[in-house]
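Please find below a colleague's note on the structure shown. The points concern its pockets, its ligand, its cavities and two backbone features.

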Amino acid sequence: MIPIHTAQTVREAEESFFAQQPGVDLMQLAAEAVAEAASKLLEGDRTSEGAVLVAVGPGNNGGDGLYAAARLAGQGIPVSLWLTTGQAHPDGLHAAREAGCREVDALGATELLAQASLVIDAVLGIGGRPGLDSVVATFAEQAEALAIPVLSVDIPSGLDPDRGHVEQDGFRAARTVTFIARKPCHVLQPAAGRCGVVQLEDLDVPVATRPVALQATPADIARLWPVPGPTSHKYSRGVVGIDTGSTRYPGAALLGTIGALHAGAGMIRFVGPEVAAQLVRTQLPSVTHGEGAVQAWLLGSGWGQTEANRDRLAAHLGVKTPAVIDADALLSLPTVVPPNTLLTPHAGEMSRMLGVERAQVEADPLTHARETAERWQAVVLLKGATQYVVEPGGRVQLAVPGPHWSAQAGSGDVLAGICAALLAAGLSAADAALLGASVQAMAAKRRLGPWPPEVIAREVAAVVGGFDPVW
Ligand SMILES: NC(=O)C1=CN([C@@H]2O[C@H](COP(=O)(O)OP(=O)(O)OC[C@H]3O[C@@H](n4cnc5c(N)ncnc54)[C@H](OP(=O)(O)O)[C@@H]3O)[C@@H](O)[C@H]2O)[C@@H](O)CC1
Ligand SMILES: [K+]
């Protein structure tokens, strides 16, 4: 799991590091990493005038950029500096000037842009307030329009380091070199989409504080997946009870059932309405129909919004079996849900659960997901371009990200089914959510393109097969 830390935590880590090792110059280490990354991005194209154009802000982020500029100029690379506010880190500026960097003003920077091979964005880092001065914002847009690669120092300037929300257009980096720890903007969408490849330079500075979130990697998912062993049988692998679908939405039932089967459910008991049951029967012969003991329930997908939802939900939740509660059932939740319940809303559903606007959830997903988890004392999987797994108590994990093709009807039904299979296998609701969302993303990556959700669901089985260490 990759720890994600806030700007404040990183600052504190830096301070306590300096208190213990005052002689170490972190800015030089940072600049060295930036210069190295710049050299790689230049790929030998070092001849044109203004090959590297460094946009320099007034603080230490600009200082990193200036020392990196000095290093590049020292290698004979033509480097131009644009001091975006007219102010700059004094020692860094001195070093860059000594090394032969030339300075341009805003107009000169815009003119040079067309010939530049690389822009280094050292305007604002973790000390910046979100948003860019309009001249810098226009420069960033032009760099993007001209497809000039941008290397961002620490974060693409203008982003809020601690959030995924993007307030205004700004730099879109090909690569971001960040220091000490990854920050939320590097992993949370849509901000993460502006960072390009994120390269972490930890500068040997330890961070003692608890991370604000943990980002899962495919290796984590493979390690945690419940692969069957020699003593496994269908009951030990987990029986999933599924009550999903309606006359209006029978397909949701089929999709969730396909998801559960392809994620390794030992057995499925389908107890949804007859119209959905018929569909499942014709497509998935291994599914059994009718009541019986189950280890986890999958509820809510494709129910539609009806008065009957509250009773339909209560009928299953009364027995205190772990459950995945999805879609329409999320709006009929009782005040108390059974232990190990997983709620799987998207932003729109979460906004209705909390009685706020969807835009509010989208602007600050983490706060709202935390509030949802606290209110129902249940694990929440907030679905979307970034998939948040939030537990009551505040622990936040982020699923492995996937391609944006997955933003389509039916993906959520499949995902709920995958999570239910994992819950039935005995995983905690948090692990079921993290593994379920991640494996679906990994499957979508293997099947890149506008594949329908059932095709991605079938690919899940192939991804899971790769987790088996025996074969
Ligand atoms: N800690 C670490 O891990 C390490 C840190 N290092 C580096 O230090 C960076 C942090 O440096 P930092 O603290 O000097 O802040 P930084 O981002 O340069 O910006 C502050 C300046 O910008 C200004 N300003 C703010 N918002 C603005 C806006 N919207 N538009 C315009 N101006 C704005 C603000 O002025 P103000 O108006 O607030 O007086 C102030 O002058 C960090 O990102 C990393 O690159 C590495 O060297 C080593 C490891
Ligand atoms: K920056």
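How do the residues of the lining of the largest pocket divide into nonpolar, polar and charged? The points below begin with that question; the model is predicted.

1. Composition of the largest pocket. The lining comprises 19 nonpolar, 18 polar and eight charged residues. The space within this pocket comes to about 1000 Å³. A total of 45 residues line the largest pocket, and those closest to its centre are His-346, Lys-383, Gly-384, Ala-385 and Ala-407.

2. Helices around the largest pocket. At least two lining residues come from each of α10 (250–262), α13 (347–354), α14 (358–363), α16 (411–424) and α17 (429–446).

3. Location of the ligand. Ligand 1 is placed in the second largest pocket. Three elements, α1 (7–20), α2 (26–42) and α3 (60–74), give two or more residues each to the shell around ligand 1.

4. The ligand shell. Ligand 1 is surrounded by 21 residues, of which Glu-14, Asp-64, Gly-125, Arg-129 and Asp-154 are the closest. Divided by class, this shell holds nine nonpolar, seven polar and five charged residues.

5. Polar contacts of the ligand. Two side chains come within contact distance of oxygen atoms of ligand 1: a polar side-chain atom of Arg-11 is 3.0 Å from one such oxygen, and an N or O atom in the side chain of Asn-61 is 2.8 Å from an oxygen of the ligand. The backbone also takes part, with an N or O atom of Gly-131 lying 3.2 Å from a nitrogen atom of ligand 1. On its own, ligand 1 has 940 Å² of accessible area, and the protein covers 76% of this.

6. Enclosed cavities. How many cavities of 30 Å³ or more are counted? The count is four, and the largest cavity has a volume of about 50 Å³. Gly-131, whose backbone approaches ligand 1, is also one of the residues lining the largest cavity. Others in that lining include Leu-132, Pro-156, Val-166, Phe-171 and Arg-194. The lining of the largest cavity has five nonpolar, five polar and two charged residues.

7. A cis peptide bond. Between Gln-189 and Pro-190 the peptide bond is cis, and its omega is near 5°. Pro-190 belongs to the loop that runs between α7 (184–187) and β8 (197–201).

8. A positive phi angle. Asn-340 is a residue other than glycine with a positive phi, near 60°. Where does Asn-340 lie? The residue is found in the loop between β14 (323–326) and β15 (341–344).

Conventions: Residues are numbered from 1 along each chain as its sequence is written. Chains are lettered from A and ligands numbered from 1 in the order in which they are written. This is a predicted model: local features need pLDDT of at least 70, side-chain atom pairs count only at pLDDT 80 or more; totals for chains, interfaces and linings use all residues. Side-chain values use heavy atoms; hydrogens and water are left out. A residue is near a molecule or strand if one of its heavy atoms lies within 4 Å of it. A polar contact is a pair of N or O atoms within 3.5 Å; within protein, one must be able to donate a hydrogen and the other to accept it, and residues adjacent in sequence count only if both atoms are side-chain atoms. Accessible areas come from the Shrake-Rupley method with a 1.4 Å probe; for residues, only the protein chains shown count as cover. On a 1 Å grid over the protein atoms alone, a cavity is a set of points where a 1.4 Å probe fits but cannot get out, and a pocket is an open set with protein on both sides within 12 Å along at least five of seven lines; lining residues have an atom within 4 Å of a point. A molecule sits in a cavity or pocket if more than half of its atoms lie within 2 Å of its grid points. Helices (H or I, at least four residues) and strands (E, at least two) are DSSP runs, numbered from the N terminus. Ala, Val, Leu, Ile, Met, Phe, Trp, Tyr, Cys and Pro count as nonpolar, Asp, Glu, Lys and Arg as charged, and the others, Gly among them, as polar. Grid points are joined across faces, edges and corners, and a volume is the space filled by probe spheres set on the points.
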